[in-house]
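Visitor: I would like to learn how burial, pairing and packing are read from a model, beginning with the general ideas and then turning to the case at hand.

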Amino acid sequence: MTYTIEPSTSCWIHPRREPFEHGLLPIPKLIFPDPTQTLITLKRKLLSSSSNHRVDSAAISESLQITPDHATLLLDTLASVHHSDSEPLVRATPGQNDTVGADVHDLLLFLYIQSYKRLLPRSHKDSAAVADVWPSTSAFDGYLSALSPLQLVRSNSRRFMPSQADEEAHQLSYLQKHVLTMDRFEHLGFLIQFGDKAEGTSLSQSSPFFANSDPDMPAAPVPAAQVHDWLLQNITSALERISERTSAKENGPASVSDQDVAMPDACTVSVKVSSSSRGPSFIEGISKSSYVKHVSDIKGSSVKVLNCHESTIYVLAPLRYATVYGCSDATIVLGAVGKAVRVEHCERVHVIVAAKHISIANCRECVFFLGVNQQPLIVGDNHKLQVAPYNTFYPQLEEHMSEVGILPTVNRWDEPLVLGVLDPHDSLSHPAGVSDVQAESATRVDPDQFTNFVV
């Protein structure tokens, strides 16, 4: 059967942000010079060694030549960014991921994005003036800055950081160049989705090949080349749409409802909530005040707390994902986060969170009060971090933890897993001759200094 390949215009294709934002691991052996060819060979090896198309950490460790700890981290991270709640790895209780194992096809897609390079910050139109105010000398020849995490954020203020649209276009471009031909079409839902709802529309129902198929009949085989061409056309159409919308925004009048408000404006428009349930809710630019968000105030299932200073932020809601970025001298209380939390470029911040997984990168003098089911991951250039057990309560906490699948009986707050200082996913090239070193770990808060935090 021959299909007329037309890109979908009723609902647009989008990359799933979570694997790109929470799933990149700075483990050099996961970065392949030729990802496609390497993964084809790896796929054959993994499938031949598994009777049910699932592999455990031992098989992953042996196949990728990584340590058992790193293989376990890979499994845990894959579970934390997987989009399907029906996936057995997602439904596994803490400590049981190895028993369930990873689906080989999902594992290959997860490994495929490990070669992704994050989008560089936009350059300032007067870069010489910025360099004069914010010098960036470094023993790593500019790769690791001598500036503190907060200075780095300020020197590249959000006016010049990638917008959500820029990041989405960059992710789609990566997929456009490297789309894999998969045996199981629906597994590509790990990386892409149709529609603006958080769960998206299933790929099979969005495609002209399998939509409205009789569920009691096997689907007719479709040449992989046709599916590949259809996906590429949809990605191209989505990129053109993003470009048109970005151009219209840049040329049109400024709007306070834009998701990417410049930092100088952020204090007057302190909180921005995305208009789509697919995107995160933003809490941005809170300064010298307290701010509370309850379940009814959150659209979607993820939150980003950005550039908040000398404040106390409460997000008392069940979430799937949370990001804390560029904050200083603040206390941030997150409700129950069932998938992953990422804290980056913060100084003198107290983070209180119950979560399944947390990663900490490039922070200084921060204290983390954790109720976590997995080992905290520490990467990047960190200094004087401390960890302590979870220390607060609010009336809906147990309900929220149950809703997102966090076990209150498992807390690995004092078992941080530390990786390297250099991040291979940065678009900046690594200086020649510079080898990675292990990041600085966190110390435990002195029991005499531990106190409960009253919400």
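Guide: Let us begin with burial: a residue is called buried under 20% relative accessible area, exposed over 50%, and partly exposed in between, with a 1.4 Å probe and protein chains only. This is a predicted model, in which local features need pLDDT of at least 70 and side-chain atom pairs count only at pLDDT 80 or more, whereas totals for chains, interfaces and linings use all residues. Residues are numbered from 1 along each chain as its sequence is written, and side-chain values use heavy atoms, with hydrogens and water left out.

Visitor: How is Tyr314 classed, buried or exposed?

Guide: Tyr314 counts as buried because its relative accessibility is 14%.

Visitor: What makes two rings an aromatic pair, and how many such pairs are there in the whole structure?

Guide: Rings of Phe, Tyr and Trp (its six-membered ring) pair if their centres lie within 6.5 Å, and planes under 30 degrees apart count as stacked, over 60 as edge-to-face and the rest as tilted. A search of the whole structure finds three aromatic pairs. In one of them, Tyr314 and Phe453, the ring centres are 6.3 Å apart and the planes stand at 35°, so the pair is tilted. This pair links distant parts of the chain, with Tyr314 in strand 9 and Phe453 in the segment after strand 18 (442–444), 139 residues apart; strands (E, at least two residues) and helices (H or I, at least four) are DSSP runs, numbered from the N terminus. Phe453 is partly exposed, with a relative accessible area of 23%. The rings of Phe369 and Phe450 also form a tilted pair, because their centres are 6.3 Å apart and their planes are at 50°. Since Phe369 lies in strand 14 (residues 367–372) and Phe450 in the segment after strand 18, this pair ties together parts that are 81 residues apart in sequence.

Visitor: Which residues of helix 14 are buried, and where do they pack?

Guide: In helix 14 (residues 397–404), the buried residues are Leu397, His400, Met401 and Val404. They lie on the same side of helix 14 because they cover an arc of only 100° around the axis, the arc being that of the directions from the helix axis to the C-beta atoms. Glu398, Glu399, Ser402 and Glu403 are exposed on the other side. The buried residues of helix 14 pack against strand 9 (312–316), strand 10 (319–325), strand 11 (331–344) and strand 12 (350–355), where contact means heavy atoms within 4.5 Å. Gly405, with a positive phi near 85°, follows helix 14.

Visitor: What does strand 13 pair with?

Guide: Two strands pair if DSSP finds at least two bridges between them. Strand 11 and strand 13 run parallel and are joined by four bridges, while strand 13 and strand 15 (residues 377–379) pair in the parallel sense over three. Ser359 in strand 13 stands opposite Arg342, and its bridge partner in strand 15 is Leu377. Ile358 and Ile360 point one way from strand 13 (residues 358–361), Ser359 and Ala361 the other way, and all are buried.

Visitor: Which contacts does Leu78 make beyond its sequence neighbours?

Guide: Leu78 lies in helix 4 (residues 68–81) and counts as buried because its relative accessibility is 1%. Leaving aside neighbours within four places in sequence, Leu78 is in contact with Leu89, Ala102, Asp106, Leu107, Phe110 and Phe190. Leu78 and Asp106 are 28 residues apart in sequence and 8.3 Å apart in space, C-alpha to C-alpha.
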